[in-house]
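Hi,

Here's the structure I promised to pass on. Have a look first, and my notes follow underneath.

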Amino acid sequence: MSGTIAAPRGPFRIGDRVQLTGPKGRLHTVTLREDGELHTHHGVLRHADLVGLPDGSVVANSGGHEYLALRPLLRDFVMSMPRGAAIVYPKDAAQILAQADVFPGAVVVEAGVGSGALALWLLRGIGGTGRLVSFERREDFAEVARANVETFLGERPENWDLIVGDLVSALPETMAPGSVDRVVLDMLAPWECIDVVAEALAPGGVVICYIATATQLSRVAEYLRATGLFTEPEANETMVRGWHVEGLAVRPDHRMVAHTGFLLTARRLAPGAVAPEQKRRASKTSYGDEDVELWTPGAVGDRQITDKNLRKRVREAQRAAEAAKAAAGTAGEIGQPEPSA
């Protein structure tokens with residue numbers, strides 16, 4: 001099969017992932033098993049009690065507490081799936097799709113793949129006629145991402161290539177010059193990849209960088225300007241604030257999803273083109289060795305995960321993927337109507 005798979009419909013079945021909303025709004029995400037049970041201090045809920053029920057059903061556990069059962073949306077799935085590396089949050093993924101203008105049929109390059117969250121959003125955006133090529137330096141992270149994508153889609157889509165290797169050396173060997181529509185860089189030092197990205201991008205193509213810190217933002221913006229191959233970089237961040245709405249009690253939530261990362265975008269100029277000079281006030285655009293020290297992985301907040309913990313995440317992701325593929329196989333084509341009795 002090619003492209004992404006339609007969202008499953010019909011009754012819950014063994015192997016499905018189900019999101020359960022219990023007392024006080026607490027969420028539990030489970031993969032249905034024949035002998036599976038959800039144990040909480042409120043009681044026990046047997047997975048078998050969910051099999052055969054439609055999406056949006058309410059079921060009670062042994063203690064009489066009710067749970068709302070729904071297949072998780074993509075935003076729910078990425079927030080609860082096993083992680084080898086930090087994920088791109090849904091609010092940022094939505095902005096990446098919009099600001100990079102990811103369209104059905106686009107050829108998109110992503111580096112690095114992390115835990116596969118952004119890959120799932122990009123696969124949605126390119127549709128069945130596009131192509132996504134994801135690069136990841138670490139094999140263990142790639143395994144987690146591969147399993148997470150297969151878990152959500154029920155199979156590995158044919159229009160997704162996951163390459164373990166460094167983008168700088170692997171991209172020229174994988175993509176012909178001028179053949180890529182969009183490039184998404186989610187890494188500590190995106191400026192190291194700009195030269196090969198410029199070669200791979202078609203004129204007018206978009207590069208978008210997901211960056212954690214202001215020092216990274218500054219360096220990659222200056223590098224893009226210095227190449228003379230891109231339009232003036234544009235930077236922003238997205239913050240999401242929820243609202244409490246109940247009767248006349250309408251107010252902002254006390255907590256919000258604030259800074260998770262910056263987005264920096266630029267477009268590839270045509271060969272030989274020179275962008276009109278931007279009039280701006282004089283500023284410090286150069287940097288030296290002392291500045292570079294501030295951009296080391298440790299200084300910019302590189303989060304390390306222990307090998308033991310990562311092996312656990314890999315096993316967890318692979319088990320979920322096997323269950324999802326088994327469920328897809330027994331039910332036939334996902335999205336097809338259930339046979340009538």
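A quick definition to start: two strands count as paired if DSSP finds at least two bridges between them. Helices (H or I, at least four residues) and strands (E, at least two) are DSSP runs, numbered from the N terminus.

Some ground rules, too. This is a predicted model, where local features need pLDDT of at least 70, side-chain atom pairs count only at pLDDT 80 or more, and totals for chains, interfaces and linings use all residues. Residues are numbered from 1 along each chain as its sequence is written, and side-chain values use heavy atoms, with hydrogens and water left out.

On to the sheet. Strand β1 (residues 17-21) pairs with β2 in the antiparallel sense, over 5 bridges, and T21 has L27 in β2 as its bridge partner. Both strands belong to an open sheet of 4 strands, ordered β2-β1-β6-β5 with antiparallel pairing. Its edges are β2 (27-31) and β5 (57-60), each pairing on one side only.

Then there's helix α7 (residues 214-227). Its 14 residues should span 20 Å at 1.5 Å a residue, and the end C-alpha atoms are indeed 20 Å apart; the expected span is 1.5 Å times one less than the number of residues. Buried residues here (under 20% relative accessible area, 1.4 Å probe, protein chains only) are Q216, L217, R219, V220, A221, E222 and L224. After α7 comes G228, with a positive phi near 70°.

Overall, the protein has 9 helices and 15 strands, and 44% of its 341 residues are buried.

Cheers

Definitions and conventions:
Buried means under 20% relative accessible area, exposed over 50%, partly exposed in between (1.4 Å probe, protein chains only).
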